[in-house]
Amino acid sequence: MEHPALEWSKHSAYDWFGPADLDRLKENRSPGEFLIHDLIGKALRDRTAR
């Protein structure tokens with residue numbers, strides 16, 4: 001996709017996240033629902049390890 005766009009009808013909220021905001025992805029989630037948090041955390045660690 002050349003120009004990604006938010007599908008407004010599929011989201012009730014959105015925000016930009018930086019590395020310092022990663023724990024916000026755990027808000028209102030049970031421990032079994034941390035997949036997005038864990039994937040982004042790994043990507044950030046891999047990126048800084050270069």
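What percentage of the 50 residues of the chain count as buried? I looked this up before anything else: 8% of the 50 residues count as buried. I take buried as under 20% relative accessible area, exposed as over 50%, and partly exposed as in between (1.4 Å probe, protein chains only).

**Basis of the entries**

I am working from a predicted model, in which local features need pLDDT of at least 70 and side-chain atom pairs count only at pLDDT 80 or more, while totals for chains, interfaces and linings use all residues. Residues are numbered from 1 along each chain as its sequence is written, and side-chain values use heavy atoms, with hydrogens and water left out.

**Overall form**

I looked up the secondary structure and found one helix and zero strands. Helices (H or I, at least four residues) and strands (E, at least two) are DSSP runs, numbered from the N terminus. Helix H1 covers residues 35-49.

I then noted the radius of gyration, which is 13 Å for the chain, against a value near 10 Å for a compact globule of 50 residues. This radius is taken over C-alpha atoms, and the globule rule is 2.2 Å times the number of residues to the power 0.38. Along the principal axes, the C-alpha atoms fill a box of roughly 35 × 30 × 20 Å.

The chain exposes about 5000 Å², of which carbon and sulfur atoms supply 55%. Accessible areas come from the Shrake-Rupley method with a 1.4 Å probe; for residues, only the protein chains shown count as cover.

**Helix H1 and its surface**

I recorded a nonpolar surface patch formed by Leu 35, Ile 36, Leu 39 and Ile 40, with about 390 Å² of accessible area together. Patches are made of residues with over 30% relative accessible area and no salt bridge; like charges are joined within 9 Å, and nonpolar side chains (Val, Leu, Ile, Met, Phe, Trp, Tyr) within 5 Å. Leu 35 counts as exposed because its relative accessibility is 56%.

Is His 37, by contrast, buried or exposed? His 37 is in helix H1 and counts as buried, because its relative accessibility is 10%. Leaving aside neighbours within four places in sequence, I find His 37 in contact (heavy atoms within 4.5 Å) with Leu 22, Asp 23, Leu 25 and Lys 26.

**The segment before H1**

Phe 17 is found in this segment and is partly exposed, at 40% relative accessibility. With neighbours within four places in sequence set aside, Phe 17 is in contact with Arg 24 and Leu 25.

Asn 28 also lies before H1. I noted its phi near 60 degrees, a positive value in a residue other than glycine. Most residues other than glycine have a negative phi. Asn 28 counts as exposed because its relative accessibility is 76%.

**Salt bridges**

How many salt bridges does the structure hold? I find three, each being a side-chain nitrogen of Lys or Arg within 4 Å of a carboxyl oxygen of Asp or Glu.

- Glu 7 and Lys 10 meet at 3.0 Å, N to O; Glu 7 is partly exposed at 45%, whereas Lys 10 is exposed at 61%.
- Arg 24 pairs with Asp 15, the closest N and O atoms being 2.8 Å apart; Arg 24 is partly exposed at 33%, and Asp 15 is partly exposed at 45%.
- Lys 42 pairs with Asp 46, the closest N and O atoms being 2.7 Å apart; these residues are separated by about one helical turn because they are four residues apart in helix H1.

I closed the entry with the accessibility of the last pair: Lys 42 is partly exposed at 45%, and Asp 46 is partly exposed at 40%.
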